[in-house]
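The following paragraphs walk through the side-chain contacts of one protein model. Please keep the coordinates open while reading.

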Amino acid sequence: MSNLINYTLHLADNSLILGQRNSEWCGHGPVLEQDIAITNISLDLIGQARNFYQYAATIIGNGATEDSLAYLRKEREFRNCLLVEQPNSDWAQTILRQYFFSQYQYLLYQQMQQSSDEQLAAIATKALKEVAYHLRWSSEWVIRLGDGTEESHKRILKAIDELWRYTGELFVPADFEKEAGIDFDKIKENWFLKVKKVLDEATLPVPEKVFMQSGGKEGKHTEHLGYILTELQYLQRTYPGCEW
């Protein structure tokens, strides 16, 4: 049971933290259309997080709620991957972070649809259409930036240098993921094939021999998560008992 709880929280935390990161662009996007797009993606991710938190709360019991799980856990209790907590930096880094994660999430949810856990399967099936849009939107932007101007190409190259080191963690299952029935080797293989195809079209290199950072699934995070949670949890901690 504890593995199922941790796995469900891991899925929720990934979506919540990335949704929170993307929401920082609200009102600051490069153009109005893309400002709206990234904000809607944030809402999709937070909606997915809510579904997972609600399910986790029913398993945990003892008065747990989606609000307590999102707003009252401490940094070391979060199980999100390091990739999703990385800073926005600029539009290129935001786009590439979203693309890397959406490509992974799409392949993951495809397998989760066949999960023996009916609730997880239902959440994955519902979310898959949203993730398909996130994937299409972000991949098109990667190509646009990579095969665009000299400046956009330079910025997306820098984003690759910053973010590639956090992708390896996605495919190394934590203990709580090993009973989930997910073939991470297959996801990794397909992820690399699809990412390489997009990077090739964007005239961008695929990094080689990069040391991969990890630890997020075990609660060992970068300094960035603490700042995210300070903002995310401020209202609940200042006014206890607020409901989502």
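Arg237 is placed in helix 9. The model is a predicted one. With a relative accessibility of 44%, Arg237 falls in the partly exposed class. Its C-alpha lies 11 Å from that of Ala70, although 167 residues separate Arg237 and Ala70 in sequence. Helix 9 covers residues 234-238, and Leu235 is also found in it. Leu235 joins Tyr234 and Tyr239 in a nonpolar patch on the surface. Together, Tyr234, Leu235 and Tyr239 present about 370 Å² of accessible area.

The charged side chains come next. How many salt bridges does the structure hold? The total is 9. One of them links Arg155 to Asp90, with 3.1 Å between the closest N and O atoms. Arg155 belongs to helix 6 (residues 150-163), while Asp90 sits in the loop between helix 3 (66-71) and helix 4 (91-112), so this salt bridge ties together parts that are 65 residues apart in sequence. The two partners are covered to unlike degrees: Arg155 is partly exposed at 40% relative accessibility, whereas Asp90 is buried, its relative accessible area being 15%. The value for Asp90 is classed as buried because the cut-off for that class is under 20%.

A second salt bridge is found within helix 6. Lys154 pairs with Glu151, and their closest N and O atoms are 3.5 Å apart. Both residues lie in helix 6, at a separation of 3 residues, or about one turn of the helix. Lys154 is exposed, with 52% relative accessible area, and Glu151 is partly exposed, with 36%.

Helix 7 (residues 184-201) offers a further case. There, Asp200 forms a salt bridge with Lys196, the closest N and O atoms being 2.8 Å apart. Asp200 and Lys196 are 4 residues apart in helix 7, which again puts about one helical turn between them. Asp200 counts as partly exposed at 41% relative accessibility, and Lys196 is partly exposed as well, at 42%. Returning to helix 6 and its partners, Asp90, Glu151, Lys154 and Arg155 are joined into one network by salt bridges that share partners.

The aromatic side chains form another set of contacts. A search of the whole structure gives 14 aromatic pairs. Among them is the pair of Phe52 and Tyr109, which is tilted, with 6.4 Å from centre to centre and 50 degrees between the planes. Which parts of the chain does this pair tie together? Phe52 lies in helix 2 (residues 32-60) and Tyr109 in helix 4, so the contact connects parts that are 57 residues apart in sequence. Both rings are in the buried class: Phe52 has 0% relative accessibility, and Tyr109 has 1%.

Phe100 and Trp164 make an edge-to-face pair, with centres 5.5 Å apart and planes at 75 degrees. The angle counts as edge-to-face because the cut-off is over 60 degrees. Phe100 lies in helix 4 and Trp164 in the loop between helix 6 and helix 7, so the pair ties together parts that are 64 residues apart in sequence. Are these two residues buried or exposed? Phe100 and Trp164 are both buried. They also belong to one aromatic cluster, which contains Tyr99, Phe100, Phe101, Tyr104, Trp164, Phe171, Trp191 and Phe192.

Arginine side chains also meet aromatic rings. Arg73 lies over the face of Phe78, 4.2 Å from the ring centre. Likewise, the charged end of Arg144 is placed over the ring of Trp141, at 4.3 Å from its centre.

Cysteines are the last topic. The search of the whole structure for disulfides returns 0. As for individual cysteines, Cys26 is partly exposed, with a relative accessible area of 44%, while Cys81 counts as buried at 0% relative accessibility.

Methods
Residues numbered from 1 in each chain as written. Predicted model: local features only at pLDDT ≥ 70, side-chain atom pairs only at ≥ 80, totals over all residues. Heavy atoms only, no water. Patch = residues over 30% accessible without salt bridge, like charges linked within 9 Å, V, L, I, M, F, W, Y side chains within 5 Å. Areas by Shrake-Rupley, 256 points an atom, 1.4 Å probe, with all protein chains shown as cover. Salt bridge = Lys/Arg side-chain N within 4 Å of Asp/Glu carboxyl O. Helix = DSSP H or I, 4+ residues; strand = E, 2+ residues; numbered from the N terminus. Buried < 20%, exposed > 50% of the residue type's maximum accessible area, 1.4 Å probe, protein only. Phe/Tyr/Trp six-rings, centres within 6.5 Å; stacked < 30°, edge-to-face > 60°. Lys NZ or Arg CZ within 6 Å of the ring centre and 35° of its normal. Disulfide = S-S within 2.5 Å.
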